[in-house]
Amino acid sequence: MTIRSIPVADRVTDAFFALDTDFRFTYLNERAETLLKRPRKELIGRVMWDEFPQTVETQFPDGFHRAMDEQITVSFEVYHAQLETWFEARAYPSETGLSVYMRDVTERKSQETTIAQHAAVVEAVYDAILTLDRNRELVTVNSAIEELLGTDRSDLIGEHVETLTQQAGISDDDAVEIGRAITDVDVGNADRRQLEVAFTAADGSDRVGEFRFVPIEDDHATVAAVIRDVTDRHEYERVVTSLHEVTRWLLESDDPEEICAVAVHAGSDLLGLPISGVWLLDDEQGYLDPVAGTAGAHDEFGGLPRFYPGEGLVWDVFEGGSVERFDDLESITELYNPETTLRSEIIAPIGTHGVLMTGALEANQFDETDVDLVSMLVENTRAALDRANREQVLRNRTAELERQTERLESVAEILSTDLKQQLSTVANALEDDADEWEFPLAEDSVETTLDRAERLVDDVREFARNASAVGPRCRIDLEEAIECALEQSQLDSAHIVVERPATLRADADRFSHLLETVFDDVAARADGEVTIQVGLLGVDETACSRGVFIRDDATEIPPTAHEPPAESTTGGAVSAPASSIDGLGLTLARAIAEAHDWTLTVDTGENGETRFEIRDVTTLETQS
């Protein structure tokens with residue numbers, strides 16, 4: 001190296017040093033001194049490997065030996081740990097040794113790392129990403145585009161963007177809109193543009209893509225596009241909109257079973273839940289009763305089961321009050337039906353009304369979106385059932401007011417007729433015995449008249465208590481209820497035959513008064529001791545409604561008592577049926593039966609005996 005070249009080398013910003021053929025330092029510039037942290041006077045004439053043994057484990061030995069042996073220029077990158085700096089080393093051989101330049105490339109390495117990281121992120125994201133140059137040609141595409149369109153990126157790079165829109169089956173009108181969006185972003189008319197475009201995926205399915213275009217600063221590309229598949233979001237929005245329409249249908253119905261049928265079919269058609277059912281709580285029986293199910297549920301199970309308290313996940317979720325998702329039923333212990341073919345389920349309480357259950361034959365078939373949609377469906381169903389219940393309460397109240405009006409009319413007519421008869425009796429007696437100073441009615445007649453008046457007052461009081469209202473129901477022993485009613489009735493002498501012991505659920509006071517009224521009727525027709533037979537109806541036949549009959553051998557009941565009160569053209573009762581009972585008689589008994597949702601009929605047998613039948617007593621059970 002000449003004396004003239006030394007100052008020039010010192011002015012070089014890169015680190016520079018020279019080695020002879022034995023790898024001894026022959027020259028170092030100031031930057032090299034700074035880099036190696038050693039003054040040149042200590043290094044000149046020294047072997048590099050001896051002075052810097054740590055370099056033996058780097059790329060320096062191989063690179064320098066190769067340059068020296070093959071007399072070729074070599075370059076490599078090396079990281080200086082102490083300086084936390086990347087250097088690019090270039091070794092130029094000559095007959096006398098090597099000239100080595102070391103350039104700081106830390107910034108370039110950082111940029112390359114960042115670019116590599118960005119590229120990795122672009123490749124890793126689910127969204128399709130591409131870049132375009134000013135000629136609308138594709139510069140880069142990520143793997144998501146390859147998967148979305150089923151094509152290799154090499155077939156797209158360098159091609160016009162129209163190639164992509166054609167492969168994606170995008171319509172001409174949408175392709176024009178895409179071109180306008182790219183131009184607006186490229187020329188600076190917009191910071192970003194966003195479009196939703198229908199396209200065809202690699203599997204042939206129709207999809208919806210959200211195209212977002214933004215400007216970028218790059219040596220090759222000017223516009224970047226991110227394409228996100230939003231088909232599921234569109235479907236979710238469509239389903240939510242449809243559920244709102246279903247809500248309108250639900251709220252138009254006053255029938256709970258119809259509401260539940262609409263709910264399960266909405267779940268099947270809109271949410272893709274073919275195996276679904278709804279169970280409503282039977283307040284009287286205390287179980288969850290199946291009221292609606294999809295065809296898929298009936299095909300799979302041949303009918304839906306009834307759930308009693310504590311039975312299965314359905315009951316547990318109903319009591320818990322929160323929607324539950326079960327991804328794999330095989331992992332659940334103590335299933336209600338371990339043999340079930342279902343593997344996954346969503347069970348959703350419908351408030352306090354019941355539950356909706358949907359299932360699948362494979363595990364892990366439901367996600368949080370399904371839970372959200374089912375929750376929305378059951379909430380709408382709950383609102384519809386609440387409304388139906390309120391409407392039913394209003395209808396019941398209206399009907400009750402109408403019944404009260406009818407009862408008052410019946411009471412008024414009976415009071416009028418009965419009291420007129422009593423007054424007529426007194427008037428006739430006074431007329432016949434006008435010349436006598438003594439009160440014409442005998443003691444027995446006075447007592448009878450007073451008894452009749454007292455019974456009439458009792459019946460009126462019972463109507464005033466609202467005979468059609470039913471209080472809390474409890475389990476009643478039929479024989480005990482009959483004995484109690486006999487004691488309270490006017491029947492002095494009777495032989496009672498109860499064929500079979502039984503129980504039923506009823507308002508104890510109301511049921512006792514019903515029986516007492518029937519026995520009073522028997523007493524009014526009795527001439528001496530009578531025999532009363534009490535038997536059960538329908539308990540041994542599944543197709544018949546259950547009930548109780550009371551048959552007596554007293555005088556035949558008047559034919560007009562066989563039928564309920566007649567109705568006027570305006571819907572109100574015009575008169576109570578005639579009966580041998582003093583007071584309101586069977587009108588009161590029928591009102592109590594109807595309040596329990598039972599039916600009371602009176603008929604005459606072939607031999608003249610009278611038979612009372614109380615039907616539709618669903619809670620009637622025999623006792624062993």
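How many bridges join strand 21 to strand 22, and do they run parallel or antiparallel? There are 6 of them, and the two strands run antiparallel. Keep in mind as you look around that this is a predicted model.

Let's zoom in on that pair. Strand 22 covers residues 610–615, while strand 21 covers 599–604. Following the ladder between them, you'll find V602 standing opposite F612 in strand 22, and T599 facing R615 of that strand. The two strands make a hairpin with 5 residues between them, and there G608 takes a positive phi near 90°.

Strand 22 has another partner too: 6 bridges join strand 20 to strand 22, again in an antiparallel run. One spot to check here is D552, whose bridge partner in strand 22 is T610.

Here are the residue pairs across strand 22 in one place:

| Residue | Opposite residue in strand 22 |
|---|---|
| V602 | F612 |
| T599 | R615 |
| D552 | T610 |

Now step back to the whole sheet. It's an open one, built from 5 strands in the order 17-19-20-22-21, with mixed pairing. At the edges sit strand 17 (494–498) and strand 21, each of which pairs on one side only. On average, neighbouring strands here are turned by 15° against each other, ignoring direction.

A helix joins the picture as well. Helix 16, residues 478–488, packs on the sheet and touches strand 17, strand 19 (530–537) and strand 20 (547–552). The direction of helix 16 makes about 165° with that of strand 17.

Conventions: Residues numbered from 1 in each chain as written. Predicted model: local features only at pLDDT ≥ 70, side-chain atom pairs only at ≥ 80, totals over all residues. Heavy atoms only, no water. Pairing = 2+ DSSP bridges. Helix = DSSP H or I, 4+ residues; strand = E, 2+ residues; numbered from the N terminus. Axes fitted to C-alpha atoms, helices over the stretch in contact; angles between N-to-C directions. Contact = heavy atoms within 4.5 Å.
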